[in-house]
Structures are given as C-alpha cells and as structure tokens.
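The following paragraphs offer a guided reading of a protein model. Please keep the sequence and the three-dimensional view at hand while reading.

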Amino acid sequence: MTAETIIAEASGTFPLGGLPVHRLGFGAMRLTGSAAFHLGVPSDRARSIAVLRRAVELGVNHIDTAAFYFSSLRSANELINTALSPYADGLVIAAKVGPYRDHRGEWGTSARPDELRGHVEENLRQLGRDHLDVVYLRRMGQESIAEHFGALAELRRAGLVRHLGISAVEPRHLAEALEIAPVVAVQNRYGLDGPYPQGAELLRLCGERGIAFVPYYAVAGQGGERGAAEVRQEEEVLAVASAHGVSPAQVRIAWTLHQGPHVLAIPGTGDPGHLEENIAAGALRLTGEELARLDSARTRIA
C-alpha cells in the first residue's frame, strides 16, 4: 500500500446517530505529548496542529477528544480549535465527560451528575463550539449510570449535545442507558491484545442495535512482561504485516475494522508519518485465513 494515496474514505462509512463518519477516525489523546496526559514530553505545537490539518485533508471526519486530554503545555481541545476552526461541515467532534483533572494535571473526584453540564461547557469553550456532536459518559466505576446519563440527556434536550454515547461500561449499562435516551456509540477497550469478554459482548450488542462500537487502545500491544501466548500473538501479527508489507500497528487497526461494519477505529498519534500509516490501514483487507490466525492467537491470552 502507498500511504500517501489512501484516504479515510477507504475504510467505509457508518453513521454516528445521523452523522455519517468514515470508519477510520482520529483520537486526540496523543496530540499533547509523547505519552498520555502529563506523562512524557509535551508535543511540538506546530507539529500537532499540522497532524490535525493533515488528518482532515486525508478525509478524517471523526475526531475523539476530551477536556482532560492535556499535558503541562498542551491541550488537545485547544489544538483542535486552533487547527480546524472554523470547522468544516461534516466534521464530527466527539468528547468524553466524567473524569476530572485539576490545573496541575492531578486526577480528582469524577463528576457528580449536577457537574456534568460544567464538563460539557468546558469542552465547548475550549473547542470554540456552541454544541458537541457526540458526548460520551465515561463511567468511573459506579454501579449505575442512570443518574449521570440522565443529566446528559437533559443537556441533549437543551441543545448543547446532539448525540450521546457511553464508555468503559458493561453490557448492563447499555441497557440502562437505552431506557433513558438513544445511545449512538459505545467506547470500550477492545483489541488484539486480549479477549476482553465485556467488550466482545458489547461489540455484538451494538451490531444488533445499529450502534457504533468504538474501541480504544486497539493499536496497543501487550506491555510489560509477556508470556508465551503474547509472544505467539505478536509473531502472528508480524507475519501478517510482512505478507502485506505494512506495520504491525496497521494490522491491528485493520483487524479492528474487520470486527464489523459498525466498528470505528480512532488511532491517535502526534507524528505525521504515523498518521498516514494509520489512515492507510483503512484500506488493508485481511484474508479469512489471516483473521483466523490472529483470532486463534488472541484467544490464547488469559
């Protein structure tokens, strides 16, 4: 594949509510530095802005962000505002609310239901918008999400939010949310690096209901000490990558998109070269045999 000639449209399209987006989107978390949040070295501002503009040039029309995506010098939302405002018609910005970091970057107590409007309005202020296309409630361990999701449903009725999603949930939370308001997307961890049974069930449920499933950390491989199953899986990923002349990350993105037409990928990067590789992965078609090999290696991981 030639990354320079492949645009996000090659990944296909799926609606977030009534908003059609290419299935290969962009996650903004890594725009702010060499590692997530306050870890690592803050990014070069000009390069991060260039990455965003290049993403849109290559057809990305779905950007995932949050007000708590910031490092000591950079804010993902501010970078998005600077790079892309005034926003093009058809560009969908999705944000997450619930977690909270103070001005020093320290994690604080997650939002109460009555504080979620402030979280939404902070995203609006940083992004320079009068509404958010999609807002996810990021569950922070609570047993029930009804009160929090109900507060976001009120903001939807008030016009501050167009569509609602949920994140880091169990299948029962999807049922709970659907009793309150429509859910257009579910964002959970899911990828080749583990079986993730909750994610697998949500993947199935979302497919049945026409809801977008948006896995995060889908490109991540196993970190830390690896056992024999993890080593075998990486060997299979490398073998498939070699057969196609692509990177392991591209194989992981392609595998993600192969999980169903309702699956959206949001790989993030602050590197222009990696951006083009990620987008090119939307055109990578894995064979049935390759998918079976990857799935077999994946299911061996405890």
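In this predicted model, Phe37, Phe68, Tyr69 and Trp107 are joined into a cluster by ring pairs. The structure as a whole contains seven aromatic pairs. Between Phe37 and Trp107, the ring centres are 5.1 Å apart and the planes stand at 85°, so this pair is edge-to-face; planes over 60 degrees apart are assigned to that class. Phe37 belongs to the loop between β3 (26–27) and α1, and Trp107 to the loop between β5 and α3, so the contact ties together parts that are 70 residues apart in sequence. The two partners can also be described by their accessibility. Phe37 has a relative accessibility of 16% and therefore counts as buried, the limit for that class being under 20%. Trp107, with a relative accessible area of 43%, is partly exposed.

A further aromatic pair is formed by Tyr216 and Tyr217, whose ring centres lie 5.4 Å apart with planes at 80°, so that this pair is edge-to-face. Tyr216 is buried at a relative accessible area of 16%, while Tyr217 is partly exposed at 41%.

Aromatic rings also meet charged side chains. Arg101 is placed over the face of Phe70, 4.0 Å from the ring centre. Arg129 is placed over the face of Tyr87, at 4.9 Å from the ring centre.

Some of these residues reappear in the pockets. Rolling a probe the size of a water molecule over the atoms shows where empty space is left. The largest pocket has a volume of about 980 Å³. Its lining consists of 45 residues, and those closest to the centre are Met29, Arg30, Tyr217, Pro267 and Gly268. Tyr217, the partly exposed residue described above, is thus among the residues closest to the centre of the largest pocket. Helices α1 (45–57), α8 (248–257) and α9 (272–280) each contribute at least two residues to this lining. Sorted by class, the lining comprises 23 nonpolar, 14 polar and eight charged residues.

The second largest pocket encloses about 180 Å³ of space. Of its 13 lining residues, Ala67, Phe68, Tyr100, Arg101 and Glu122 lie nearest the centre. Phe68 is also a member of the aromatic cluster, and Arg101 is the residue that lies over the face of Phe70. Two or more lining residues come from each of β5 (92–97) and α3 (116–127), with α3 providing the largest share, four residues. By class, this lining has six nonpolar, four polar and three charged residues.

Strand β5 leads on to the sheet. Strands of a sheet pair through backbone hydrogen bonds, either parallel or antiparallel. Here, seven strands form an open sheet with parallel pairing, in the order β3-β4-β5-β6-β7-β8-β9. β3 and β9 (212–213) occupy the edges with a single partner strand each, so one side of each has no neighbour in the sheet. Within the sheet, β6 (residues 132–138) and β7 (residues 161–167) pair in the parallel sense over six bridges. One position to inspect is Val134, whose bridge partner in β7 is His163.

The reader may finally turn to helix α9, in which Glu276 is located. Glu276 has a relative accessibility of 13% and so counts as buried. Glu276 and Met140 are separated by 136 residues in sequence and by 33 Å in space, C-alpha to C-alpha.

Notes: Residues numbered from 1 in each chain as written. Heavy atoms only, no water. 1 Å grid on protein atoms, 1.4 Å probe; cavity = no way out; pocket = protein on both sides within 12 Å on 5 of 7 lines; lining within 4 Å. Points joined across faces, edges and corners; volume = space filled by probe spheres on them. Nonpolar A, V, L, I, M, F, W, Y, C, P; charged D, E, K, R; others polar. Phe/Tyr/Trp six-rings, centres within 6.5 Å; stacked < 30°, edge-to-face > 60°. Buried < 20%, exposed > 50% of the residue type's maximum accessible area, 1.4 Å probe, protein only. Lys NZ or Arg CZ within 6 Å of the ring centre and 35° of its normal. Pairing = 2+ DSSP bridges.
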